[in-house]
Amino acid sequence: MELDAWYMDASEEDKRRPHRLKPNQSVSLQELQKLGVFYWKLNANLYETDPKLQQIRNNHGYSYMDIITIHKDTLPNYEEKLKMFFEEHLHLDDEIRYVLDGQGYFDVRDKDDRWIRISTRKGDLITLPAGIYHRFTLDETNYIKAMRLFVGEPVWKAYNRPADDFDIRQKYIASLQAS
C-alpha cells in the first residue's frame, strides 16, 4: 500500500481526526518527494533483523536508533508531550521515523504554506527534511510505537515557527525553488 496523504481542512476540531477537505485532495508520493519527504514500506515485524532496513540505514548513515512509545500509559507527561509535538516547528537535521506499531499523522507545509497530512501506520518509514515546517499527532487510536533514527548523535531540539532566519530553513526553501 502506498502512503496516504492529503491537503487538510482548516477545522479546529480534534487534531486527531483526519481533517480531509471535501472533496478530498490527495497528495502523491511524487509530490511529497518534491518537498523532500521520502517514504519506504517495510515489514515492521522484522525490524530487528530486516536487511532492507539495514540497507536504508547504511545508505543514509542512520547510525543512531531508539524506540519511543507514545501512549498515555507509557510516555511520561503524555499530554504535555503531545502538545509539544503538535507545535509547528523545524529541525536542523532530518526527522526519520519508522512506525513499528500503531499509527499517527505527520503534517508538513507545502510550497504555498498549506498543510498536508500524512497518515503513517505500522511498516511506514518516513523522512522529513531538515528545515521543513511540520508537526506530529496521534490519530484517534492514541497509540504509536516508532523507531527514531539519526545520522550520528540524536538532536532533539525543535525550533518553533517562526524560524525563517535559520540557515537550514533558507537552504530548504532554496531546494524547493530549484525543484
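Me: Let's start with strand S7. Which residues of S7 lie on one side and which on the other, and are they buried or exposed?

Reply: Keep in mind that this is a predicted model. Now to the strand. Asp124, Ile126 and Leu128 sit on one side of S7, Leu125 and Thr127 sit on the other, and all of them are buried. That leaves both faces covered. Counted along the strand, residues 124-128, five of five are buried.

Me: Which strands pair with S7, and in what sense?

Reply: There's S2, residues 38-41, which pairs with S7 in the antiparallel sense over four bridges. Then there's S5, also running antiparallel to S7 and joined to it by four bridges. If you want residues to click on, find lysine 41, whose bridge partner in S7 is aspartate 124. For another one, look at tyrosine 98, which stands opposite leucine 125 of S7.

Me: On to helices. Which residues of H3 are buried?

Reply: Tyr78, Leu82, Phe85 and Phe86. They span an arc of only 95 degrees around the axis, so they end up on the same side of H3. Turn to the other side and you'll find Glu80 and Lys83, which are exposed. As for what lies over the buried residues of H3, the cover includes S3, S4, S5, S6 and S8.

Me: What about H4: how many residues does it have, and how far does it reach?

Reply: H4 runs over residues 167-178, so that's 12 residues, and it reaches 17 Å from the first C-alpha to the last, close to the expected 16 Å. Its buried residues are Ile168, Arg169, Tyr172 and Leu176. Their arc around the axis is only 100 degrees, which is why they share the same side of H4. They pack against helix H1 (29-34) and strand S4 (89-90). Asp167, Lys171, Gln177 and Ala178 are exposed, on the face turned away from that buried side.

Me: How do I read a pair of aromatic rings?

Reply: Use two things: the distance of the centres and the angle of the planes. A search of the whole structure here turns up six aromatic pairs. One of them joins phenylalanine 85 and phenylalanine 136, with 6.4 Å centre to centre and 70 degrees between the planes, which is edge-to-face. Phenylalanine 85 is in helix H3 and phenylalanine 136 is in strand S8, so this pair ties together parts 51 residues apart in sequence.

Me: Are those two rings' residues buried or exposed?

Reply: Buried means under 20% relative accessible area. Phenylalanine 85 is at 19%, so it counts as buried. Phenylalanine 136 is at 7%, so it counts as buried too. Elsewhere, ring pairs link Tyr64, Phe150 and Trp156 into a cluster.

Me: Which charged ends sit over rings?

Reply: Try lysine 15, whose charged end sits over the ring of phenylalanine 86, 5.5 Å from the centre. Then try arginine 20, with its charged end over the ring of tryptophan 6, 3.6 Å from the centre.

Me: One loop residue to finish. Where is asparagine 142, and what does it touch?

Reply: Asparagine 142 is in the loop between S8 and strand S9. With a relative accessible area of 22%, asparagine 142 is partly exposed. Leaving aside residues up to four places away in sequence, asparagine 142 touches Arg16, Ile70, His71 and Tyr78. The C-alpha atoms of asparagine 142 and aspartate 167 are separated by 35 Å, and the two residues are 25 apart along the chain.

Conventions:
Residues numbered from 1 in each chain as written. Predicted model: local features only at pLDDT ≥ 70, side-chain atom pairs only at ≥ 80, totals over all residues. Heavy atoms only, no water. Phe/Tyr/Trp six-rings, centres within 6.5 Å; stacked < 30°, edge-to-face > 60°. Helix = DSSP H or I, 4+ residues; strand = E, 2+ residues; numbered from the N terminus. Buried < 20%, exposed > 50% of the residue type's maximum accessible area, 1.4 Å probe, protein only. Lys NZ or Arg CZ within 6 Å of the ring centre and 35° of its normal. Expected span 1.5 Å × (residues − 1). Arc of directions from axis to C-beta. Contact = heavy atoms within 4.5 Å. Pairing = 2+ DSSP bridges.
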